[in-house]
Amino acid sequence: MAGPCAGLTVLDFSWGMPGAIATLVLSDFGARVIKVEPPTGDPFRRHPGWLAWNRGKQGIVLDLKTPEGRDQAQRLAGQADVLVESFRPGVAQRLGIDAASLSQANHRLVYCSLSGFGQQGRLRHLKGYEGIVAAKSGRMLSFAGQTQREGPVYAAVQVASWAASQAAVWGILAALRLRERTGRGQWVQTSLLQGMIPHEPQALLMRQLTRRDPVRFPEDTVAARLRVPSLQYLPAPCKDGRWLQLANLLPRQFQSLIRVMGLWHIYRDERFRDAPYTTPEDREVLRDIILDRIREKTLDEWMALFVEDGDVAVEPFLPTTEGMKHPQFVHNRHVVELADPRVGPMKQLGLLVDLAETPGAIQGPAPDLGQHTAEVLARLASGPRPLAAVAGAGNGHGPAPRLPLEGITVLEFATVIAGPYSTVMLADLGARVIKVEAPEGDPLRRLTGAGGQGVGTVRTTAGKESIQVDLKTEEGLHLVRQLIARSDVLLHNFRPGVPERLGIDAATCHALNPRLIYVYAAGYGATGPQQQRPSFHPVPGALLGGALRQAGRAMPPPPETPLSRDQVKEVSRWLSRANETNPDPNTSMAITTGIMLALYARERTGQGQAVHTTMLVANGYANADEAFDYPGRPPWSVPDADCYGLHALYRLYPARQGWVFLACLFQREWETFCRTVDRPDLLTDPRFQTEAARQAHDTDLSAELAQVFLTRSAAEWENLLTAADVACVQADRADMGTFFEEDPHVRENRLVVPAERAHLRFGDYLRHGGLVHFSELAGRYGSGVLAGEHTRPLLQELGYSDEQIDDLWARGVVTWEDVDPIVAG
């Protein structure tokens with residue numbers, strides 16, 4: 001069967017990676033994507049990853065600065081289902097291809113804007129480079145303390161680009177679903193700034209809690225940011241000098257690690273009886289014991305033992321292309337080889353998700369500039385094409401719902417972050433999400449927050465209902481199966497075999513509900529040589545290159561470098577800070593995309609199906625600017641040893657007061673920069689006249705610019721250079737929590753909103769808004785919930801009486817968390 005997007009025509013006017021990845025997903029799942037470029041081409045064609053980002057598309061050239069080019073673009077849009085653009089606000093309108101203009105001629109058009117900073121507010125005209133968004137939003141400041149120097153640290157993984165690309169996909173698919181009911185398209189909007197939201201997990205909430213109760217919720221300090229890694233998430237060097245990332249968050253996996261290392265005797269020591277939970281002093285003793293033991297074997301020897309055991313979360317620190325060779329990555333077909341006519345056999349990422357009934361298929365290599373112009377324009381001249389219609393579905397003019405996913409019910413069995421956060425985004429779009437928790441609750445409730453109060457789950461349960469039930473009892477399974485029969489989507493992240501033992505496997509669930517979309521969000525995969533292994537965020541962070549990119553060129557030291565124990569601990573601390581939490585929300589993006597593709601497919605076919613994705617492939621895509629390989633591939637791009645940035649014109653600089661981040665990627669920007677800072681001599685210096693010369697003399701150029709930036713404050717540089725349309729912003733004005741709470745631009749773009757009701761424990765609070773906005777639809781931004789908060793009302797909805805519910809509670813079949821408010825609203 002064809003992919004869910006078969007029959008759709010998508011016009012892609014975007015430049016760079018975010019829009020390209022969005023339309024790549026649509027192409028991989030059946031859409032005909034036409035990449036529209038100016039006569040000089042997408043300026044990011046020079047990036048070697050462009051060939052991977054734009055596979056399977058047709059390529060045409062239109063000159064939108066001419067009347068003929070604008071007319072051709074407007075006529076193409078009149079026959080298209082979807083248009084994606086990444087212009088800064090106002091540019092599309094000047095070119096005559098804005099949402100309002102095109103929708104008048106094609107009221108079924110779904111128009112998607114993917115900008116840097118959104119459509120409103122004082123920052124909307126800033127250039128939307130990932131580095132500029134990361135610096136301005138405070139993400140770079142969140143890495144302060146990773147290195148030994150002062151100031152913010154370059155954020156290497158393009159997390160906002162990845163998140164925004166997938167938010168665009170969800171928005172497009174949601175709008176297409178609704179188009180089949182109303183007959184009308186609409187304007188979908190997202191931005192890289194919205195893409196930063198998943199990577200601000202707690203600072204906004206903690207600022208509010210700290211003001212209310214500074215004793216219970218003390219402000220994070222520089223000392224806290226310099227903290228050593230936990231024993232569960234410990235980077236460690238092996239005998240051969242190569243480094244492993246240990247990632248055993250839960251007690252069972254930590255105990256498996258200790259057992260495989262031959263250290264089980266530590267549990268006979270009173271100091272370590274509850275390891276990894278010990279006093280700070282004893283923790284450091286145990287750290288030394290673990291680090292010393294890991295250095296007794298080579299990396300390959302340890303990995304053989306850990307893989308054989310199957311219950312230890314650990315992987316080596318690798319560059320992206322090496323991680324793509326992992327046997328499970330290969331087994332899952334997360335990596336494929338395409339014959340590219342320009343570079344030869346090219347390793348690229350495979351499909352983002354597996355859809356059992358409407359699978360995707362890669363449609364071929366990326367186009368040459370203008371390769372299909374004549375073909376596409378000839379088809380345009382032949383007359384209008386019928387727009388895609390949904391087989392068996394209404395194609396009329398019914399009333400529009402208020403919310404994009406109104407009427408959809410999601411049953412979530414996932415735990416910790418990656419799975420639960422994906423359904424938060426579905427709840428934001430209006431889905432009813434019911435979180436099914438074991439009697440002991442989601443483990444994250446016990447692992448985060450002051451005194452185990454579960455601050456972290458305020459984010460991962462937002463907008464949901466929660467029921468606590470013992471699935472290992474016959475009555476508990478019966479009531480859960482009643483919920484399954486009423487649901488549209490089921491999501492779990494159990495390891496293979498567990499759903500079968502619990503009685504909620506795909507076959508059983510589809511027998512109860514044939515229209516159910518059954519989603520497995522795996523660590524490693526549903527089948528394959530390492531399917532059973534556990535995975536937490538440091539695993540894909542280390543394996544797929546993100547951690548090494550963030551750590552910079554100096555870390556870890558070459559394997560042959562002798563290291564003292566103190567030096568080992570410092571490298572371990574550095575690598576731990578670099579391997580931050582982004583792999584979890586990176587995975588959430590992929591899960592949500594899989595669910596939205598399956599919902600759109602069900603709209604077309606009436607069928608439910610199984611959906612599968614993994615933390616591995618999701619984080620391959622999050623590193624899509626490095627996740628490709630071919631003979632003669634350029635070296636991978638890693639920040640300098642002190643993590644200022646990638647090169648002299650894309651990096652951090654200290655100013656007379658504060659820090660700036662400069663993004664000056666193209667020759668015209670370089671020339672404008674030199675004139676604006678009153679250094680025309682740099683333009684005539686042979687070391688800096690061309691891009692190739694600047695690359696060859698990058699150290700010299702960095703030194704020149706460092707002296708330039710010391711002559712003004714960071715705020716002055718931002719004002720001066722952005723007025724000249726050079727991308728340069730202050731990078732240390734506010735951390736992420738402060739930026740999202742206080743910056744007026746955030747409020748104008750609805751990126752922070754009051755939770756729709758008070759949290760039963762923490763009271764009223766501000767939370768992040770949606771990752772995608774719609775011209776005709778609203779979002780719903782609920783609060784976090786306690787474990788089992790809705791157990792009783794959900795059982796009542798299923799027809800249980802209060803007496804029956806009390807009996808189930810007394811026998812431990814169901815339960816709920818006590819309400820214990822600790823912070824006034």
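Leaving aside neighbours within four places in sequence, Phe740 is in contact with Leu193, Met196, Ile197, Glu200, Leu204, Val746, Leu751, Val752 and His768, where contact means heavy atoms within 4.5 Å. The model is a predicted one, in which local features need pLDDT of at least 70 and side-chain atom pairs count only at pLDDT 80 or more, while totals for chains, interfaces and linings use all residues. Residues are numbered from 1 along each chain as its sequence is written, and side-chain values use heavy atoms, with hydrogens and water left out.

Phe740 is also one of the residues with the most contacts inside the largest nonpolar core, together with Leu173 and Phe661. This core has 141 residues; a nonpolar core is a set of buried Ala, Val, Leu, Ile, Met, Phe, Trp, Tyr and Cys residues joined through side-chain atoms within 4.5 Å. Buried means under 20% relative accessible area, exposed over 50%, and partly exposed in between (1.4 Å probe, protein chains only). Helix H8 (residues 159–182) supplies the largest share of the core, 15 residues. Helices (H or I, at least four residues) and strands (E, at least two) are DSSP runs, numbered from the N terminus. Another core, of 39 residues, lies apart from the largest one and includes Ile266, Phe272, Trp302 and Phe317.

Trp302 also takes part in the packing of two helices, since it belongs to H14 and is among the residues there that meet Ser256, Leu257, Arg259 and Val260 in H12. The others in H14 are Leu305, Phe306 and Asp309. Helix H12 (residues 251–260) and helix H14 (residues 299–309) pack at an angle of about 130 degrees, with their axes 11 Å apart. Axes are lines fitted to C-alpha atoms, for helices over the stretch in contact, and angles run from 0 to 180 degrees between N-to-C directions. H12 and H14 are therefore oblique to each other; angles under 35 degrees count as roughly parallel, over 145 as roughly antiparallel, 65 to 115 as roughly perpendicular and the rest as oblique.

A second helix pair is formed by helix H13 (residues 280–294) and helix H26 (residues 565–578), whose axes come within 12 Å and cross at roughly 95 degrees. H13 is thus roughly perpendicular to H26. Glu284, Arg287, Asp288, Leu291 and Asp292 in H13 meet Arg565, Val568 and Lys569 in H26.

Among the strands, E17 (residues 517–522) has 6 of its 6 residues buried, so the strand is largely enclosed by the rest of the structure. Ile517, Val519 and Ala521 are buried on one side, and Tyr518, Tyr520 and Ala522 on the other. E17 runs parallel to strand E16 (residues 489–492), with 4 bridges joining them, and His492 stands opposite Tyr520. E17 also runs parallel to strand E18 (residues 609–614), through 6 bridges; here Ala521 stands opposite Thr613.

An open sheet of 7 strands has the order E3-E2-E1-E4-E5-E6-E25, with mixed pairing; two strands pair if DSSP finds at least two bridges between them. Strands E3 (58–61) and E25 (773–774) are the edges, each pairing on one side only. Helix H1 (residues 17–28) packs on the sheet, touching E1, E2, strand E4 (82–85) and strand E5 (110–115), and its direction makes about 165 degrees with that of E1. Strand E1 (residues 9–12) and strand E2 (residues 32–37) run parallel and are joined by 4 bridges.
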